[in-house]
Amino acid sequence: MRENLAKIFGGIAILLIILILVGFLRPAHWTAEACVEAHLDPEVIFTYLNDLEKWDEWTIWSDIDSEVTDPSHGEGAMRTWEDESFGSGEILIVKSYPPTVLGYEVTTDSGARVFGNFRLTVLPTSTLITWTEQGDLGNNPLMGFLAKRIGDSQQKQMASGLESLKLRASD
């Protein structure tokens, strides 16, 4: 009986070790991109992108207990958070070139990092808003299994945010 239990637990241990090793080998990076065309001037849109307080109006940030620095806009503006559901971290605007490019970086206490970028392209009768993100989930072997899902989920959330931005900026 003991031999059978030892074999079972030994097999489970080997399986767990293999899963952890595979997790380390899988990439913990993800990418996501979403676009929307808005019949608005890029200057109007950019005011919502460049001000972290205005992100509450078109992203999920209004659901997260956070604080924004003063000034809340432009390069160097930062939002920090500590939330039971979302953990803790910060978002920092790292480049702001009105009205066409805004870049930001998100870091979390868990070691995850996200680099995001908004690019506004003027079209003949509208503006194309392109939002891209690249994330690194750190060295946790379990995150290698989740990276693809996170990228897909983030892309849906970004598309929803851009639709909200388009509606909000139209008001």
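# A first look at this predicted chain

Tryptophan 55 is a good place to begin: leaving aside residues up to four places away in sequence, Trp55 touches Tyr48, Leu49, Trp61, Ile91, Leu102, Tyr104 and Phe118. Please keep in mind that the model is predicted. Trp55 belongs to the largest nonpolar core, a set of 35 residues, and shares with Phe118 the place of touching the most other members. Around that starting point, the chain folds into three helices and seven strands.

**The overall layout**

- Read from the N terminus, the elements follow the order α-β-α-β-β-β-β-β-β-α.
- The chain has 171 residues, and 36% of them are buried.
- Taking contacts between residues at least 6 apart in sequence, 51% join residues at least 24 apart.
- About 10400 Å² of the chain is exposed, and carbon and sulfur atoms account for 56% of that area.

**The nonpolar core**

- Which residues touch the most other members of the largest nonpolar core? They are Trp55 and Phe118, out of 35 residues.
- Several elements give two or more residues to this core: the helices α2 (42-49) and α3 (143-170), together with the strands β1 (29-38), β4 (87-97), β5 (101-108), β6 (113-122) and β7 (127-136).
- Among the residues that Trp55 touches are the aromatic-named pair Tyr104 and Phe118, and also Leu102.

**How the strands pair**

- Strand β7 has a partner in β1, and the two run antiparallel over 10 bridges.
- In that part of the fold, glutamate 37 sits opposite leucine 128 of β7.
- Strand β7 also pairs with β6, again in the antiparallel sense, through 10 bridges.
- Which residue of β7 is the bridge partner of valine 114? That residue is glycine 135.
- Four residues form the hairpin connection that leads from β6 to β7.
- In a regular strand, side chains point alternately to one face of the sheet and then the other.

**Salt bridges**

- By the rule used here, the count of salt bridges is four.
- One of them brings together the side chains of arginine 79 and aspartate 56, with an N to O distance of 3.1 Å. Arginine 79 is in strand β3 (residues 78-83) and aspartate 56 is in the loop between α2 and β2 (66-68), so this pair ties together parts that lie 23 residues apart in sequence.
- Is arginine 79 buried or exposed? With a relative accessible area of 2%, arginine 79 is buried, because buried means under 20%. Its partner, aspartate 56, is partly exposed at 32%.
- Another salt bridge joins the side chains of glutamate 57 and arginine 168, at 2.7 Å from N to O. This pair links distant parts of the chain, 111 residues apart: glutamate 57 is in the loop between α2 and β2, while arginine 168 is in helix α3.
- Glutamate 57 counts as partly exposed at 35% relative accessibility, and arginine 168 is partly exposed too, with a relative accessible area of 31%.
- Glu57 and Arg168 also belong to a network of salt bridges that includes Asp171.
- Glutamate 105 and arginine 113 form a further salt bridge, in which the closest N and O atoms are 2.3 Å apart. Glutamate 105 is buried, with a relative accessible area of 19%, whereas arginine 113 is partly exposed at 36%.

**The N-terminal end and the surface**

- Methionine 1 is found in the segment before α1 (2-25).
- Why does methionine 1 count as exposed? Its relative accessibility is 77%, and exposed means over 50%, so methionine 1 falls in that class.
- Methionine 1 helps to make a nonpolar surface patch of about 560 Å², along with Leu5, Ile8, Phe9 and Ile12.

**A meeting of distant residues**

- Leucine 146 is a residue of helix α3, and its relative accessibility of 31% makes it partly exposed.
- How many residues separate leucine 146 from alanine 28 along the chain? The answer is 118, yet the C-alpha atoms of leucine 146 and alanine 28 are separated by 7.6 Å.

How values were computed
Residues are numbered from 1 along each chain as its sequence is written. This is a predicted model: local features need pLDDT of at least 70, side-chain atom pairs count only at pLDDT 80 or more; totals for chains, interfaces and linings use all residues. Side-chain values use heavy atoms; hydrogens and water are left out. A nonpolar core is a set of buried Ala, Val, Leu, Ile, Met, Phe, Trp, Tyr and Cys residues joined through side-chain atoms within 4.5 Å. Buried means under 20% relative accessible area, exposed over 50%, partly exposed in between (1.4 Å probe, protein chains only). Contact means heavy atoms within 4.5 Å. Patches are made of residues with over 30% relative accessible area and no salt bridge: like charges are joined within 9 Å, nonpolar side chains (Val, Leu, Ile, Met, Phe, Trp, Tyr) within 5 Å. Accessible areas come from the Shrake-Rupley method with a 1.4 Å probe; for residues, only the protein chains shown count as cover. Two strands pair if DSSP finds at least two bridges between them.
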